[in-house]
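Hello,

Here is the structure I promised to pass on to you. Have a look at it first, and then read on for my notes.

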Amino acid sequence: MEREITKKTRLLDDKGRLESPGYARNMMFEYDRSRIKAGPLSLKEWDFYQLGMGGHILQMTIGHLSYIANFSAKLIDVTAGTVKSFSPLRLFPLRSMHMPVNPEEENVIEARGRDFTMRFDAKRDRRILTMQAGDAGIGDIKIDIELKCDPENEKMVIATPFFKKNQFYLNYKENFYGASGAVKFGDTVVNAGPEDCAVLDWGRGVWPFRHEWFWGNGAAFTAGGRFGFNIGWGFGDLRNASENMFFWNGKAYRLGRLLVERDENNYTAPWKFRDETGCFDFEMTPVFDNFNRTKIAFIQTQCHQVFAKFNGIAVLPDGKKIEVHDMLAFCEHAQNRW
């Protein structure tokens with residue numbers, strides 16, 4: 001049985017342990033850093049946005065691992081299989097960055113460096129993402145994007161424990177429908193439009209140094225409505241809840257445990273996903289494996305973020321089938337030491 005949290009509750013108890021592991025459709029967990037009972041270098045926090053604009057993907061991150069902060073912007077051309085990336089780092093921010101404790105409240109995060117400024121401005125009805133930077137290889141970078149935000153839309157929220165009692169992960173994912181603005185990376189300029197969709201991945205937690213996860217997400221205007229999905233497995237103790245949901249016109253629908261068929265030796269072979277209730281049945285045909293590997297001192301990251309065309313059906317509780325054709329979305333496999 002999965003546990004749904006339907007009223008406001010403390011995330012952590014007085015001993016720094018998760019008080020009520022489970023999932024919610026809006027932010028019901030009250031995150032208080034002062035309750036964390038872990039070392040000063042153990043906290044990890046980030047806000048990550050990904051916006052699809054036709055065959056281009058914009059990714060922006062402001063986050064930290066306590067001992068290192070990352071302010072990243074990437075423009076991915078899925079068709080050409082190219083990536084332009086600007087990712088300055090800052091050592092030992094510890095807990096000085098003042099990341100928001102609730103993604104549903106209005107807040108601003110801003111990062112500045114010698115050659116860049118980056119800002120996430122979250123308002124009740126929109127999210128404004130901006131950046132100005134200069135890069136010797138890319139040229140001038142300018143980002144000015146506004147995402148439509150409907151506060152009534154349901155989200156995917158999950159509080160996940162690990163096997164050490166003071167470790168936890170609070171994750172909030174929200175899909176946005178409709179955008180405006182422009183992105184410039186050197187001589188590449190891409191405009192955002194009302195049919196473009198995005199996702200916010202908001203994470204706060206303390207978890208094992210070695211870890212891995214699978215995560216898939218996508219959203220689109222399709223079948224006469226607003227469709228989206230979020231799937232994930234492999235990260236933490238998921239006995240209380242999974243992050244498997246699909247979304248239709250602002251409502252979130254739980255999925256059962258996923259049955260996944262994939263070639264473990266070939267990320268670009270087709271993947272198949274089917275939940276145990278039969279309400280989610282999709283095949284993804286990879287288009288581009290955005291593979292990243294990083295090693296900085298003791299930090300190691302490796303991620304296959306596979307962008308693909310998704311085809312399949314999702315079934316509503318009343319039996320109505322939502323048919324999805326060639327929706328550009330992704331599923332990724334990350335293996336990290338950080």
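Below is what turned up, beginning with the pockets and ending with a few spots on the outside. Please keep in mind that this is a predicted model.

**Pockets**

Let me start with the open spaces. The largest pocket has a volume of about 1,200 Å³. It is lined by 43 residues, and the ones closest to its centre are Thr61, Asn70, Trp213, Thr301 and Trp338. If you sort that lining by class, you get 19 nonpolar, 18 polar and six charged residues.

The second largest pocket holds about 340 Å³ of space. Its lining has 21 residues, with Gly52, Cys197, Ala219, Leu328 and Ala329 closest to the centre. Which strands should you look at here? At least two lining residues come from each of β4, β17 (197–206), β18 (210–222) and β26 (321–337). Strand β26 has the largest share, with five residues. By class, the lining of this second largest pocket comes to 12 nonpolar, six polar and three charged residues.

**A closed cavity**

There is also one cavity of 30 Å³ or more, and its volume is about 60 Å³. The residues that line this cavity are Asn153, Glu154, Glu174, Asn175, Tyr177, Arg226, Phe247, Gly250 and Lys251. Strand β14 (residues 168–177) gives the most to the lining, with three residues. By class, the cavity lining divides into two nonpolar, three polar and four charged residues.

**Salt bridges**

On to the charged side chains: the model has 21 salt bridges. I picked out a few for you.

One of them joins Glu45 and Arg33, whose closest N and O atoms are 2.8 Å apart. This pair ties together distant parts of the chain, as Glu45 sits in strand β4 and Arg33 in the loop between β3 and β4, 12 residues apart. Are the two partners buried or exposed? Glu45 has a relative accessibility of 2%, so it counts as buried. Arg33 is at 22%, and therefore counts as partly exposed; the cut-off for buried is under 20%.

Another place to look is Glu110, which has two of these contacts to show you. Its side chain meets that of Arg112 in a salt bridge of 3.4 Å, N to O. Glu110 also forms a salt bridge with Arg119, where the closest N and O atoms are 3.3 Å apart. These belong to a network of salt bridges that links Glu110, Arg112, Arg119, Asp121 and Lys123. As for accessibility, Arg112 is exposed, with a relative accessible area of 52%. Glu110 is partly exposed at 42%, and Arg119 is partly exposed as well, at 30%.

**On the surface**

Which residues make up the nonpolar patch on the surface? They are Leu41, Leu91, Phe92 and Leu94, and together they have about 410 Å² of accessible area. Leu41 belongs to the loop between β3 (29–30) and β4 (44–53). With a relative accessible area of 41%, Leu41 is partly exposed. The loop between β3 and β4 is also where you will find Arg33, the partner of Glu45.

Two charged residues in loops round off the tour. Lys165 is in the loop between β13 (156–161) and β14. Its relative accessibility is 62%, so Lys165 counts as exposed. Lys165 and Gln132 are 33 residues apart in sequence, and their C-alpha atoms are 42 Å apart in space.

Asp187 lies in the loop between β15 (179–185) and β16 (188–192). With a relative accessible area of 71%, Asp187 is exposed. From Asp187 to Arg127 the separation is 60 residues in sequence and 26 Å in space, C-alpha to C-alpha.

If you would like a short route through the model, I would begin at the largest pocket with Trp213 and Trp338, which are among the residues closest to its centre. Then go to strand β26 for the second largest pocket, to strand β14 for the cavity, and to Glu110 for the salt-bridge network. You could finish at the nonpolar patch, with Phe92 as one of its members.

Happy browsing, and all the best

Terms used. Residues are numbered from 1 along each chain as its sequence is written. This is a predicted model: local features need pLDDT of at least 70, side-chain atom pairs count only at pLDDT 80 or more; totals for chains, interfaces and linings use all residues. Side-chain values use heavy atoms; hydrogens and water are left out. Patches are made of residues with over 30% relative accessible area and no salt bridge: like charges are joined within 9 Å, nonpolar side chains (Val, Leu, Ile, Met, Phe, Trp, Tyr) within 5 Å. Accessible areas come from the Shrake-Rupley method with a 1.4 Å probe; for residues, only the protein chains shown count as cover. A salt bridge is a side-chain nitrogen of Lys or Arg within 4 Å of a carboxyl oxygen of Asp or Glu. Helices (H or I, at least four residues) and strands (E, at least two) are DSSP runs, numbered from the N terminus. Buried means under 20% relative accessible area, exposed over 50%, partly exposed in between (1.4 Å probe, protein chains only). On a 1 Å grid over the protein atoms alone, a cavity is a set of points where a 1.4 Å probe fits but cannot get out, and a pocket is an open set with protein on both sides within 12 Å along at least five of seven lines; lining residues have an atom within 4 Å of a point. Grid points are joined across faces, edges and corners, and a volume is the space filled by probe spheres set on the points. Ala, Val, Leu, Ile, Met, Phe, Trp, Tyr, Cys and Pro count as nonpolar, Asp, Glu, Lys and Arg as charged, and the others, Gly among them, as polar.
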